[in-house]
Amino acid sequence: AVSDLLEAGVADPNDQYALRLALGKWLDDAGDHDGAFAQIDAAKKSAPVTYNHEAQAAFFGRIKETFSKQFFAERAGQGDPSAAPVFVTGMPRSGTSLLETLLARKGGAAALGERIEMSLITQKIAEDRNARAGYLDVVAVLTEEELQKYGREYCEETSLLAPEADRLVDKNVLNFQRAALIDLLLPNSTIAHVRRNPLDTC
């Protein structure tokens, strides 16, 4: 049994993580919710740490500092004017897929799934300007022509997937990291942020 394996001792943290999650699922299905929570909690605590809170806080702090109201005011009217892109973002399990489906049922809208084009554009901005630390190092010096070019590239790439659509729905939830850049490159695009109780998405 899984519990016997855990009691005997499992050296590999990845194996311990998987076994505790499996046991937690089994206990939850059996109605032992306290026991399930204890196993899932232990699994999460034993998992190799891959998330750096300090680094993420610094990253978003820099976004907030860079993309100020004055920053946008100085660049009003720049970027690509297309209103076709629609970006759906939010926590996993928050209802982003449902919203994408509902939007796609509207006439003229196409669901494109989780696209990587905007992520690639952020990389391209950094590469074009030799910014080894990322696009935030150079976004403030991009010219009006460059802003329009990068916005247009996104539109051209995604429109190939649904040439007849008036609205192109991109459901890459990680675009929340690039929302300010999206607003800069595509000021007439729509960003839909789906929100749900955090307890229902964890």
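# Exercises on a predicted model

In strand 3, Arg167 is the bridge partner of Ala109. The model examined in these exercises is predicted.

## Exercise 1. The sheet

Determine the order of the strands in the sheet and the sense of their pairing.

**Solution.**

Step 1. Begin with the pair of strands to which Ala109 and Arg167 belong. Strand 2 (residues 109-111) pairs with strand 3 over three bridges, in the parallel sense.

Step 2. Examine the pairing of strand 3 with strand 1. Strand 1 (residues 85-90) is parallel to strand 3, and three bridges connect the two. Here Val86 stands opposite Val169 of strand 3.

Step 3. Continue from strand 1 to strand 4. These strands run parallel and are joined by five bridges. Within this pairing, Val88 has Ala192 of strand 4 as its bridge partner.

Step 4. Assemble the pairs. The four strands form an open sheet in the order 2-3-1-4, with parallel pairing. Strand 2 and strand 4 (190-194) stand at the edges; each has a single partner strand, so one side of each lacks a neighbour in the sheet. On average, neighbouring strands of this sheet are turned by 20° against each other, direction ignored.

## Exercise 2. A helix on the sheet

State which strands helix 6 touches and what angle its direction makes with that of strand 1.

**Solution.**

Step 1. Identify the contacts. Helix 6 (residues 96-104) packs on the sheet and touches strand 1, strand 2, strand 3 and strand 4.

Step 2. Consider the direction. The direction of helix 6 makes about 155° with that of strand 1.

## Exercise 3. The surroundings of Asn172

Establish whether Asn172 is buried or exposed, and identify its surroundings.

**Solution.**

Step 1. Locate the residue. Asn172 is found in the loop between strand 3 (167-170) and helix 9 (179-185).

Step 2. Classify its accessibility. The relative accessible area of Asn172 is 9%; the cut-off for a buried residue is under 20%, so Asn172 is buried.

Step 3. List the contacts, leaving aside neighbours within four places in sequence. Asn172 is in contact with Val88, Gly113, Glu114, Arg115, Ile116 and Arg178. Val88 is the residue whose bridge partner in strand 4 is Ala192.

Step 4. Examine the polar atoms. A polar atom of the Asn172 side chain lies 2.7 Å from the backbone oxygen of Arg115.

Step 5. Add a C-alpha distance. Asn172 and Met118 are 54 residues apart along the chain, and their C-alpha atoms are separated by 9.2 Å.

## Exercise 4. Thr158 in helix 8

Determine whether Thr158 is buried or exposed, and which backbone oxygen its side chain reaches.

**Solution.**

Step 1. Locate the residue. Thr158 lies in helix 8 (residues 144-159).

Step 2. Classify its accessibility. With a relative accessible area of 1%, Thr158 is buried.

Step 3. Follow the side chain. The side chain of Thr158 reaches the backbone oxygen of Cys155 at 3.4 Å.

Step 4. List the contacts beyond four places in sequence. These are Leu112, Glu117 and Leu168.

## Exercise 5. Salt bridges

Find how many salt bridges the whole structure contains, and examine the pairs Glu153 with Lys124, Arg152 with Glu156, and Asp200 with Arg196.

**Solution.**

Step 1. Take the total. A search of the whole structure finds twelve salt bridges.

Step 2. Examine the pair that links two helices. Glu153 forms a salt bridge with Lys124, and their closest N and O atoms are 3.9 Å apart. Glu153 belongs to helix 8 and Lys124 to helix 7 (residues 117-128), so this pair ties together parts that are 29 residues apart in sequence. Glu153 is partly exposed at 22% relative accessible area, and Lys124 is partly exposed at 28%.

Step 3. Examine a pair within helix 8. The side chains of Arg152 and Glu156 meet in a salt bridge, at 3.8 Å from N to O. Because Arg152 and Glu156 are four residues apart in helix 8, about one helical turn separates them. Arg152 counts as partly exposed at 35% relative accessibility, and Glu156 is partly exposed with a relative accessible area of 44%.

Step 4. Examine the remaining pair. Asp200 forms a salt bridge with Arg196, with 3.9 Å between the closest N and O atoms. Asp200 is partly exposed, at 43% relative accessible area, and Arg196 is partly exposed, at 44%.

Step 5. Look for shared partners. Salt bridges that share partners join Lys124, Asp128, Lys149 and Glu153 into one network.

Methods: Residues numbered from 1 in each chain as written. Predicted model: local features only at pLDDT ≥ 70, side-chain atom pairs only at ≥ 80, totals over all residues. Heavy atoms only, no water. Buried < 20%, exposed > 50% of the residue type's maximum accessible area, 1.4 Å probe, protein only. Contact = heavy atoms within 4.5 Å. Polar contact = N/O pair within 3.5 Å; in protein donor to acceptor, adjacent residues only side chain to side chain. Pairing = 2+ DSSP bridges. Axes fitted to C-alpha atoms, helices over the stretch in contact; angles between N-to-C directions. Salt bridge = Lys/Arg side-chain N within 4 Å of Asp/Glu carboxyl O.
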